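Biologist: I would like a close look at one part of this model, the site around the ligand. Please take me through it in one go.

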Amino acid sequence: HAKKRNILPFINERLSPDIIELLRDIGRAGDEMGLDLFVVGGFVRDLMLYRKSDDIDIVVEGDGIAFAKHLAVMKQGRCNTHREFCTAVVILPCGFKIDVASSRLEYYKAPAALPTVEMSSIKLDLFRRDFTINTLAIRLNQEGFGTLIDFFGGQRDIKDKSIRIIHNLSFVEDPTRVFRAIKFANRFNFTIGKLTSNLIKNAIRIDFFKNLSGLRVFSELKQILEEENPISAIELLNEYHLDKVIHPGLILDSSVISLMESVKKALAWHDLLYLDIQYARWAVYFMVMIRRCPVKVIDEICNKFRLPPRQKNMVLRDRIRADDRLYLLEKSLPCKNSGLYHILSIFKTEQILYMIATAKKEEARKAISFYYTQLKDVTPLIRGKDLLTMGIKPGPAYRDIMQKVLDARLDGLVDTLEDELEYVNMINQNRYPH
Ligand code: ATP
């Protein structure tokens, strides 16, 4: 039986009035259709952990799609439906999204060996989830609004700081949950329960991952690498020998872990300065994870993960280039700003951060950060039309001149537009002396 408890005071204390009002509206919409409904999963877990959550997942005992349409009309929002999965997303005018799923007994094929009879549909829905901490639900109907429903001991495990599966066949059903266990343990600083841990070891020993799509493993790994601090998760991956599940040639030893610490510092440095620049955080960690593997192994990992060509190029071709250029840079330091610019200007943020993290010399690290903060966006003031006015014939010479003006600007030889025009005159006279 479920443990039930009124947590309304807790909800009122923890959640913003807007969110509470929204949850109440969802409950009212359910009542209007005679449906029982609950907010479930990560939202409730994060509420109990005093953490902010951006997603609202609703489970409706009945037709979730019909409910979502009704809610969308009530809140003057939009509704996208996925008939195949009986799910829908309601998008409010402010852009906020609410995921809606249907729990109906007839949707569930009883998983082998699991006693599914005698379960309400909400219980069955929660039973199919990954860990007990994700199985908490809060009733939203007006009658009983704010009742926490705990079928599987989620509250106990939150208190114990424990990641536990709900039943022993969990990893047989879906081995990607092994990666999810590590993600949650790392994120919340929880430990993986003893039985769950043994079942993970068992899953690895018996190689449950054999038939698992690389795409799903990659999706979970990427989520881990996008976490605020993924390093202890990678240590845990290593302890469980999951590196070998990703690829037998992958080694996640202490030297990789220590480079990941450098990546963490580089990303923190970047994000402090440039909050608004988006980049693939996971890719910087990933490049460090695979950097010592032979190209053949990296190629196989990328193919197994079905990385799109752009991402594959980023972590393979461009990463090798970054290693080469870093080597060149460390040999050429100290160098002029224009020299630094030419070595680094082909790289995107991901490679720049990778180079900062992997540089052997502090001097190189400083030079790369200097390039990124001071030189990367420098451009000449003159335009093509200025060259035209000066009587220079349009053609390949323009690029050459612009490049020289850029170098002069980088090296502090010119400041104003007049300086640049004069500089162009000088170059031009040298090219075509009278
Ligand atoms: P996050 O904060 O990372 O978004 P979340 O718990 O909301 O955490 P999601 O990956 O968005 O995680 O999944 C939503 C819900 O779906 C989870 O609470 C979990 O119960 C369930 N879920 C997701 N993946 C699985 C899985 N592989 N097996 C079982 N349940 C899953």
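Biologist: Which helices each supply at least two residues of the shell around the ligand?

Modeller: Bear in mind that this is a predicted model. Two helices answer your request: helix 3, spanning 42-48, and helix 8, spanning 177-188, each supply at least two residues of the shell. Helix 8 gives the most, with five residues.

Now the shell as a whole. The ligand is surrounded by 16 residues. The closest are Arg45, Asp174, Arg177, Arg180 and Arg187. By class, eleven residues of the shell are charged, four are polar and one is nonpolar.

Next come the polar contacts. Arg45 places a polar side-chain atom 2.7 Å from an oxygen atom of the ligand. Asp174 also uses its side chain: one of its polar atoms there lies 2.8 Å from a nitrogen atom of the ligand. With Asp130 the backbone is involved, as a polar backbone atom lies 3.2 Å from a nitrogen atom of the ligand. On its own, the ligand would expose 590 Å², and the protein buries 73% of that area.

Then there is the space itself. The ligand takes up the largest pocket. This pocket has a volume of about 930 Å³. It is lined by 30 residues, and those closest to its centre are Thr87, Ala101, Asp125, Arg128 and Arg129. Several elements each supply at least two residues of the lining. The helices are helix 3 and helix 8. The strands are strand 3 (56-61), strand 5 (87-91) and strand 6 (97-103). Strand 6 gives the most to the lining, with four residues. Helix 8, in turn, gives the most to the shell around the ligand. By class, the lining has 13 charged, eleven nonpolar and six polar residues.

Two backbone details complete the look. Leu333 and Pro334 are joined by a cis peptide bond, with omega at about -5°. Pro334 sits in the loop between helix 17 (317-332) and helix 18 (337-344). The other detail concerns Lys161. Its phi is positive, about 55°, although Lys161 is not a glycine. Lys161 belongs to the loop between helix 6 (154-160) and strand 9 (162-163).

To return to your request: helix 3 and helix 8 each supply at least two residues of the shell, and both also do so for the lining of the largest pocket.

Notes:
Residues are numbered from 1 along each chain as its sequence is written. This is a predicted model: local features need pLDDT of at least 70, side-chain atom pairs count only at pLDDT 80 or more; totals for chains, interfaces and linings use all residues. Side-chain values use heavy atoms; hydrogens and water are left out. A residue is near a molecule or strand if one of its heavy atoms lies within 4 Å of it. A polar contact is a pair of N or O atoms within 3.5 Å; within protein, one must be able to donate a hydrogen and the other to accept it, and residues adjacent in sequence count only if both atoms are side-chain atoms. Accessible areas come from the Shrake-Rupley method with a 1.4 Å probe; for residues, only the protein chains shown count as cover. On a 1 Å grid over the protein atoms alone, a cavity is a set of points where a 1.4 Å probe fits but cannot get out, and a pocket is an open set with protein on both sides within 12 Å along at least five of seven lines; lining residues have an atom within 4 Å of a point. A molecule sits in a cavity or pocket if more than half of its atoms lie within 2 Å of its grid points. Ala, Val, Leu, Ile, Met, Phe, Trp, Tyr, Cys and Pro count as nonpolar, Asp, Glu, Lys and Arg as charged, and the others, Gly among them, as polar. Grid points are joined across faces, edges and corners, and a volume is the space filled by probe spheres set on the points.
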